[in-house]
Amino acid sequence: MKLVRYLHTALTVNDLERSQHFYGQILGLKLVDRDLKFPGCWYEIQGIQIHLIHQPHPPLPLIDPNRWGRNPHLALAVTDLAQAAEALSSAGYPVQPSSSGRAALFTQDPDGHVIELSQWEPEPSGCHL
């Protein structure tokens with residue numbers, strides 16, 4: 001078997017509208033079309049999708065509540081980590097700095113899925129020798 005591309009991650013959510021607000025408005029992900037009949041919505045970032053599927057379930061427990069990064073999580077990059085932390089906190093979402101000391105933080109979506117946000121520094125453009 002030869003894997004050729006990462007396509008998507010699917011997350012189950014209890015309240016689709018609340019999750020759409022988090023992923024679309026708070027994280028700013030782009031909503032994309034989907035032709036499926038069951039309740040859900042798809043978001044995309046650089047060709048990779050996050051599928052939110054409405055499927056009520058109990059709150060997700062944290063395996064390690066003191067270090068969110070040691071729990072299953074999605075990792076995304078941001079250009080301004082301080083702004084991301086402020087936006088999340090202002091909207092009432094919890095924020096935990098990375099225990100490693102690197103420029104990263106963790107938050108939880110409305111269903112308890114852990115999301116890592118890491119500071120991303122784009123490569124300088126120009127010629128490489």
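Colleague: Which residues of α2 are buried?
Modeller: This is a predicted model, with residues numbered from 1 along each chain as its sequence is written. Local features need pLDDT of at least 70 and side-chain atom pairs pLDDT 80 or more, while totals for chains, interfaces and linings use all residues, and side-chain values use heavy atoms, without hydrogens or water. Helices (H or I, at least four residues) and strands (E, at least two) are DSSP runs numbered from the N terminus. In α2 (81-90), the buried residues (under 20% relative accessible area, 1.4 Å probe, protein chains only) are Leu81, Ala84, Ala85 and Leu88.

Colleague: What arc do they cover around the axis?
Modeller: An α-helix has 3.6 residues a turn, so residues three or four places apart point the same way. The arc is taken from the directions from the helix axis to the C-beta atoms. These buried residues sit on the same side of α2 because their arc is only 100°.

Colleague: Which residues are exposed on the other side of α2?
Modeller: The buried residues are covered by elements including α1, β5, β6, β7 and β8. Exposed means over 50% relative accessible area, with partly exposed in between. On the other side of α2, that label goes to Ala82 and Ser90.

Colleague: Which helix gives the most to the largest nonpolar core?
Modeller: A nonpolar core joins buried Ala, Val, Leu, Ile, Met, Phe, Trp, Tyr and Cys residues through side-chain atoms within 4.5 Å. This one has 21 residues, and Tyr23, Leu52, Ile115 and Leu117 touch the most other members. Several elements supply at least two residues each, among them α1, β4 and β8. With 4 residues, the element that gives the most is α2.

Colleague: How far is Asp109 from the nearest side chain of opposite charge?
Modeller: Asp109 lies in the loop between β7 and β8. Asp and Glu count as negative, Lys and Arg as positive, with His and the chain ends not counted; a salt bridge needs a Lys or Arg side-chain nitrogen within 4 Å of an Asp or Glu carboxyl oxygen. Asp109 is buried but has no salt bridge, and the distance to Arg18 is 7.2 Å.

Colleague: Which backbone nitrogen does the side chain of Asp109 reach at 2.8 Å?
Modeller: Polar contacts pair N or O atoms within 3.5 Å; within protein, one must be able to donate a hydrogen and the other to accept it, and residues adjacent in sequence count only if both atoms are side-chain atoms. The Asp109 side chain has a polar atom 2.9 Å from the backbone nitrogen of His113. At 2.8 Å, the partner is Asp111.

Terms used: Contact means heavy atoms within 4.5 Å.
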